[in-house]
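Colleague: I should be grateful for a close look at a single part of this model. Please take one strand and its surroundings, and then set it in context.

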Amino acid sequence: MRRDDLIQHTSAPPLLEIRDLSLDFGTPRGRVRALRNVSLDVPAAQVVGIVGESGSGKSTLAYTVMGLLSENADVTSGSILFEGKDLLKIPARARRSLLGDRLSMVFQDPMTALNPVRTIENQMIDIQHHGQGSRSEKRARAVDMLHRVGIPDPKNRLGAYPHQFSGGMRQRVCIAMALLVKPALLVADEPTTALDATLEVQIIHLLKDLQTEIGCSILFVSHHLGAVAELCDRVAVMYAGEVVEQGAVRDIFHNPAHPYTRALLECDPGRIKKSTRTLPTIPGEVPSLLGSTKGCIFRTRCPQAFNRCVQEDPVEYRIGVDQVARCHLLGDERLVPA
Amino acid sequence: MVRVEIIRPEPNDAVATGTFLRQLRKNRLGVLGALLVVLVFVSAFFAPLIITHDPIKIMVGPRLAPPSLDFLLGTDQLGRDTFSRVIMGGRIPLLVAFASLGSALAVGVVLGLIAGFGPRWLDNLLLLVFDTIRSFPGIIFALAIIALVGPSLASIIFVIAMTSVPIYARVLRTQAQGLLSSEYIAAERSMGAGTARILGVHVLPNVIGPLLILVSMDVPAVIAWEAGLSFLGMGVRPPTPDWGAVLNDGYSYINQTPWLVIGSGIPIVLATLGFTFLGEALRDIFDPKLRKDL
Amino acid sequence: MTALLRVEDLRVRFRTMGPLKALATGTKAPFIDAVCGVSFEIRKGETLALVGESGSGKSTIARTIIGLQRAVSGSICFDGQEIEELSGTERKPYLRRMAMMFQDPVGSLSPRLTVRSLLTEPFRIHGIKRRDAGGEAERLLRLVGLPADFARRYPHQLSGGQARRIGIARALALNPDLIIADEPTAGLDVSVQGEVLNLLARLQDELGMAILIITHNLNVVRHMTDRMAIMYLGRFIEVGSTERIFDQPRHPYTEALLAANPEPDPDAVLNRIELKGEVPSLLRRPSGCEFHTRCRYAQDLCSRVFPEPSTNPNDAEHNFRCHFPLKGEIVSGLMLSHPVSVGTERS
């Protein structure tokens, strides 16, 4: 595993390369700096997880990659290189031809992600509009894909409408549609949040199996640490619009370097083995992102904050081979800035 | 009434500036609308103080005279002062608009709440009644009623209220039904709140906003209706001054002077625009979901 | 010790089609039973959790207790008084003694009211004249650890965690004997979930009310409930003390639920038990044991015979409905031994 990561880093360029991305939302009350200096790589054939709480900007990042942002969003700096092309610079037409072909997405709510008045068959054939082949070939591919995501009796179910499927089945249909075009990158925005716990397990296993089978990369956005630990190869932890720490999944979960990552891991109820009357929490609130921010964004809630945290933005410090974190505490040690 | 949000744009702020300009433009229209509405109201309310001549007194000046210092908008075919007639003539359209829409709103709210929160059969019955009323073409319905009860202010108010009630009731019913299943209504009921309290305190304030916007946008239509019916001779009787009646007179003498049409047309246009702008601004500010653009 | 709330053989039914359509299509029973013969009791000051996935009927039970839903049969006794049959006004004095917190923290607060009006709403509803409504609101805000200036805010100006605290404060306004908390952590971030549960636990220690928690997440309630009941398709399939169930789950469904929120550790991934399929529709309840369609230990008998409740020989309070209950000890989410290892599951 570790060796694979190393090879990935030294040889081929990553499939998706987000560099110094900053994004603002214009609101009546001012500019909300929703993403600040986000850098993230998605290597080919790997699953990269983005974890964070609400307001951390994880979904905004996914939507930026897909180009699905609302009108008031404004990318102020940075680039998103996908297969060598900057998604923020290429013309809209070229970008559209990438979507639903090399790039596809699974949304949070399977209840609203499908068109309610068209059959699954029509929607699954339409999504292959980039591909060649006759309608019947496309239909056969759709049946095959439905079978692979575990829809029983796919031939007959193809003519059904979305409302005739249950929530879990609908999310399977969404995944089938997203993978039908054999994308290089699948962006999954909280695909299990709207589902029950026992279905979440199924969907995670399904994504893992299909990913190894098809060989695509997945950008998996979730607030559920357990799901990320289970599915992902690499993890980026986001807080208030910044990636505070990223690295290989084992490093992050076994050896978290950033105080926020540590606090977040401590809070997860799955971690608490003993019966206790008081659960760990992160005191304080996510700071407002209105206007400019100076210093470490986590300092108001950080138990280890000191003077430098107020004055200076922390840079990325490299810990070990494949783990970076933005925290001044790491700078005092022998570590070198990345 | 109109809340104008002043947003200070930041430098180098292309997107936010765009939103800001758009909002400002929209709200400018709203401010203009509010000013026009206030103007119309003030002139109608203080009409007796503003007028220069008795609006129904015949032969205060020459017939069909062009505007002069004495007769600001000229005189009509009976030598009455057009300016005074137009100023006084604003009272009736406004009265009609507020009486008819006010009563329609009151009845519509009650019926809408009954339909939305009452038993299923009552809901169905009320919907049937609403649809029956709405299925008549408006103008034919109005002519039929006026033919039955005779032309008068009361019948105009009645007709307009009649045709507006189903629309308001339906809007309110749909909104109320959406709220019925919301969690905070369940929370109130779980605390033991009675139906009256739930409807009055928790439902009505949340549904009345869109309805008031709808009403404010209906005002110009009603002014036009009233003017139209008076123009057809179905409204107020002469010699009562009224925008529609003056317009009708002007229409008859358009070959001799344009001033009657201009004098009565401009206030109708201004009032209509004023209420429309105001209504749209209210809609944009209080209920972004109803916005047609965006 | 007497029960504060006793629910016996509760059955709640929803109509699936109108009577005319049922007649036309020849459907004999156009109903689904969302809650199917459920009995339990809550003692004073105790915490009980109802656990299950969506559609298991857990929220319906709560809504029936509070009077938002009518039962077809069964009884609900609150402090010795049958309340199921009571009409709105007769029920009101009992509603004063229980309070429900709904799932959506912000959505369960009336949007046009200030926090101050929201907090004093229970007093107004029950006609309790308090001279100092502002002081009362302040006291409640202090109780849930919010500053007094929150009284002027509107629900949309609150974060999820703050709105949840307001919900708790409102529930506590009349000093109830019972609080029903429907998914108290729904829609909250992990860092805030702990805060809300800690607050509930602290307030229970201080004020001594009983709490009925409704949730789908077993691990979240582990630290604050005394007893728990696991629901599947409107029935209890396992009831017992929280400690006992966490140590020794007897029903395979409980086992799967326990494993559904594992430790976030990339090396422990094998512990998650994947259940086959989905919760069946209430329209078509499976024959025999209703869980057999998804059970990895299911045998022939399970699809034919409906299991009667059995009792743990070591613990009379621990009941479960399973023909082949699990016996092993759970070690980090993985069963060590089982009477029948059918091995249908993926490895």
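Modeller: The model is a predicted one, and I shall take strand β6 of chain C, residues 98-101, as the part to examine. Both of its faces are covered. On one side lie C:M98 and C:M100, on the other C:A99 and C:M101, and all of these residues are buried. The partner of β6(C) is strand β7 of chain C, residues 178-182, and the two pair in the parallel sense over 4 bridges. Within this pairing, C:M98 stands opposite C:L178 of β7(C).

The loop that lies between α6 (160-172) and β7 of chain C holds C:N175. C:N175 has a phi near 50°, a positive value in a residue other than glycine. Most residues other than glycine have a negative phi. C:N175 counts as exposed because it has 11 C-beta neighbours inside 10 Å, and the limit for that class is 12 or fewer.

Chain A offers a further case of positive phi: A:D153, not a glycine, has a value near 55°. Its place is the loop between α5 (135-148) and α6 (154-157) of chain A. With 9 C-beta neighbours inside 10 Å, A:D153 is therefore classed as exposed.

As for the wider context, the contact between chains A and C takes 37 residues from chain A and 33 residues from chain C. On the side of chain A, the elements giving two or more residues are α8 (197-214), α9 (225-231), α10 (249-254) and α11 (259-267). The largest share, 7 residues, comes from α8(A). By class, this side of chain A has 15 nonpolar, 13 polar and 9 charged residues.

Terms used:
Residues are numbered from 1 along each chain as its sequence is written. Chains are lettered from A and ligands numbered from 1 in the order in which they are written. This is a predicted model: local features need pLDDT of at least 70, side-chain atom pairs count only at pLDDT 80 or more; totals for chains, interfaces and linings use all residues. A residue is buried if 20 or more other C-beta atoms lie within 10 Å of its own, exposed if 12 or fewer, and partly exposed in between; C-beta atoms are placed from the backbone. Two strands pair if DSSP finds at least two bridges between them. Two residues are in contact if their C-beta atoms, placed from the backbone, lie within 7 Å. Ala, Val, Leu, Ile, Met, Phe, Trp, Tyr, Cys and Pro count as nonpolar, Asp, Glu, Lys and Arg as charged, and the others, Gly among them, as polar.
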